[in-house]
Amino acid sequence: MSIDWHALFSVFAVTLLSTVGLVGVFTLGIVGLARRGGGTAALSRTGAYLCFAACAAAVAWGITLIVQK
């Protein structure tokens, strides 16, 4: 049995980067919702909703990749 180390590292790197990126975008959404007061509250809320939409799109894309043959 032979292990393709290059392929294993590629899968590990893509998984790590996408997970960290997705968690980072979700965290930005949480921070955007936490802002209160001032003139930038509406802008922060809009940015937060865009972050959550990007997370939902990434999850939906991942599910479609899993379901496809």
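## Pocket and overall form of a two-helix chain

The lining residues of the largest pocket fall into 4 nonpolar, 4 polar and no charged. This description rests on a predicted model.

The residues in question are Val14, Thr15, Ser18, Thr19, Leu22, Ala58, Trp61 and Gly62. Two elements each give two or more residues to this lining, namely helix H1 (5-34) and helix H2 (41-67). Helix H1 gives the most, with 5 residues. Gly62 belongs to the polar group under the classification used here, in which Gly counts as polar. The volume of the largest pocket is about 220 Å³.

Beyond the pocket, the secondary structure of the chain consists of 2 helices and 0 strands. The chain is more spread out than a compact globule, because its radius of gyration of 17 Å is well over the 11 Å that the globule rule gives for 69 residues. Along the principal axes, the C-alpha atoms fill a box of roughly 60 × 25 × 10 Å.

Burial and surface were also computed. Of the 69 residues in the chain, 10% are buried, where buried means under 20% relative accessible area. Carbon and sulfur atoms account for 76% of the accessible surface of the chain, which comes to about 5,700 Å².

The main values for the chain and its pocket are set out below.

| Quantity | Value |
|---|---|
| Volume of the largest pocket | about 220 Å³ |
| Radius of gyration of the chain | 17 Å |
| Box filled by the C-alpha atoms | roughly 60 × 25 × 10 Å |
| Accessible surface of the chain | about 5,700 Å² |

Terms used. Residues numbered from 1 in each chain as written. Predicted model: local features only at pLDDT ≥ 70, side-chain atom pairs only at ≥ 80, totals over all residues. Heavy atoms only, no water. 1 Å grid on protein atoms, 1.4 Å probe; cavity = no way out; pocket = protein on both sides within 12 Å on 5 of 7 lines; lining within 4 Å. Points joined across faces, edges and corners; volume = space filled by probe spheres on them. Helix = DSSP H or I, 4+ residues; strand = E, 2+ residues; numbered from the N terminus. Rg over C-alpha atoms; globule rule 2.2 N^0.38 Å. Buried < 20%, exposed > 50% of the residue type's maximum accessible area, 1.4 Å probe, protein only. Areas by Shrake-Rupley, 256 points an atom, 1.4 Å probe, with all protein chains shown as cover.
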